[in-house]
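Please look through the sequence and the model below before reading on. The paragraphs that follow lead from the chain taken as a whole to some of its single residues.

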Amino acid sequence: MAPQPVEAVFFFRYNQQVSQACYGRLGGSRYTKNYIQVSGSAAPALDQALGRSGGSKVDFELVWPSGSEIGELRDASDNRAQLAWKRSGHAPKPWKLGDPEDPEIAIPGDPRKTTEAGADAELSRLRGEHLEPWLLAVKTADEPGRLHARTYLEHPPAGREHYALDRLPPQILDAIRALNARTQSGVFLPSHRPPAPRAQAIVDRIQAALESDPNVLLIGPPGTGKTVALEDLRELAEHEASQLLFDPDNWYDAFGTQAAKVVSLVFHPSYAYENFVAGLFPESLEHGGFKLVAKPGPLVSLAHWTSSPNRQSLLIVDEFNRGPTAAIFGDTLALLDASKRSDPPTRPGAHIERPHVGTDMLVAPEFATADGEERVTEELRLPAGVRIVAALNSSDRSVAPLDAALRRRFAILAVAPDLDVLADHLGLAPTVRHGEYKPSDESPDNWTDTEVKELALRLLATLNERLAFVIGEDFLLGHALLWPVGEASAGAVRTALCEAFDRRIAASL
């Protein structure tokens, strides 16, 4: 199973109550429990994670890489929750004492002592060794009704370092360290809420296009939200890259983060192939003078990093046609098509000879492969995991038209002015832009803020109808030009419209 996003991590101090419950049921009065008490913030979080409400009982599965037990979450008489296992004496194996040679066992000990005195002696021995175990129950976001059992040791003995508590991600370790010494259970809840995109509709279209094509190009007039959508996309990708993951099949280093990387660029007339793909750059020598060193650009660096399995990267390019785009991509144009991308081990993909063959070319350490390799191979491939999203203004006529061969390799998304988005921002119904406009009073001094906003919406609709007829849709006015009207305070809306017209619309016209 692939690593899953973490929804919650519950942890339990291996105190006397927990150790007695996990050891197994014995004759007497103390080794009789088949549950761990859950209290504090961990109790409602566990209810939510397993979908329990109103004091009901909920069955779930306690699992580990080589086994499982059926568990039950229920209420105790003292209003605390009980995380139980249904079969008596069958706590999850990773939570029990056992043979340290067994890969399922983290806590060394002898579980075969069947008297309370013998079991107490095992606990005393364990305390004397200062191993200080912590039991973990991990809930992933994509597995309802399931908790993953693991155990870590605060002070593992020699040869058991893979169970060391400090191998946990810092955020989980900090939550464990912050647990009150008298408290048995705690919870770590990562933030899963992604940032809310401002240009939601455009972002949705980009993400849908990326499902089938690794290259997406936004084309539209200025002020239609293209740059905002690129910023939103970057924030979402960075959120994914920081997301905590858990690998259910991994015993030890099961936690990790999403392997993703984002690079943002803005093309300009001086940007060149040497900056984007690779080039020779001077480097000072220790005793004076300089030498030329082959250095990779962002495209080669991302391709090198993404060549490792389970990695994805995003290259964002704004002002795509402000530079000599075809020359910037150069021979890497042959690698852009989805069918030419590499996807090891099933598809090697097309390749070209990288620039400056015969010389060492090293990426920066943050772009090294998963095994730490920084040296770029002499055969350059573009992995399928490298996604490219770019944007250009259709009204720009100060630069050469986009190269047709390059354009064919991108999924084109036309981004037009969106009057519905503007109407929503202004607090108006989208239908306001239709029909004849008649304010309530001939004098603008007496117009209400709502009437001024209606005028703003109708103004943009009318101007764009005329512009489309006279010079074409490439020169339409974006809805963002009138965005400040919707942000003006009460009584200042008319001034905001006048300023938007004078400074933005008239200047564009």
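Let us begin with charge, keeping in mind that this is a predicted model. The protein chain carries 52 positive and 69 negative charges, and the mean positions of these two groups are 4 Å apart.

The next topic is the overall form of the chain. Along its principal axes, the C-alpha atoms of the protein chain fill a box of roughly 95 × 75 × 45 Å. The radius of gyration of the protein chain is 31 Å, whereas a compact globule of 509 residues would have one near 23 Å. The protein chain exposes about 24,500 Å², and 50% of this area is supplied by carbon and sulfur atoms. Of the 509 residues in the protein chain, 48% are buried.

Within this outline, the protein chain has 14 helices and 21 strands. If one takes the contacts between residues at least 6 apart in sequence, 68% of them join residues that are at least 24 apart.

What, then, lies in the interior? In soluble globular proteins, nonpolar side chains tend to be buried together. In this model the largest nonpolar core has 42 residues, and those with the most contacts inside it are Phe10, Leu83, Trp95 and Leu135. Helix 2, which spans residues 42-50, gives the largest share of this core, namely 6 residues. A second, separate core has 37 residues, among them Leu265, Tyr273, Phe276 and Ala303.

Phe10 is a useful place to pause and look around. Which residues is phenylalanine 10 in contact with, leaving aside its neighbours within four places in sequence? They include Ala42, Ala45, Leu46 and Ala49, together with Leu135, Leu136, Ala137 and Lys139, and also Gly186 and Val187.

The last stop is a loop, and it is worth following the backbone there residue by residue. Histidine 130 lies in the loop between helix 3 (116-128) and strand 8 (133-140), and the phi angle of histidine 130 is near 55 degrees, a positive value in a residue other than glycine. Glutamate 132 lies in the loop between helix 3 and strand 8 as well, and the phi angle of glutamate 132 is near 50 degrees, again a positive value in a residue other than glycine. Is glutamate 132 buried, exposed or partly exposed? Its relative accessible area is 39%, and because buried means under 20% and exposed over 50%, glutamate 132 counts as partly exposed.

Methods. Residues numbered from 1 in each chain as written. Predicted model: local features only at pLDDT ≥ 70, side-chain atom pairs only at ≥ 80, totals over all residues. Heavy atoms only, no water. Core = buried A, V, L, I, M, F, W, Y, C linked by side-chain atoms within 4.5 Å. Buried < 20%, exposed > 50% of the residue type's maximum accessible area, 1.4 Å probe, protein only. Helix = DSSP H or I, 4+ residues; strand = E, 2+ residues; numbered from the N terminus. Contact = heavy atoms within 4.5 Å. Rg over C-alpha atoms; globule rule 2.2 N^0.38 Å. Areas by Shrake-Rupley, 256 points an atom, 1.4 Å probe, with all protein chains shown as cover. Lys, Arg positive; Asp, Glu negative; His and termini not counted. Charge placed at Lys NZ, Arg CZ, Asp CG, Glu CD.
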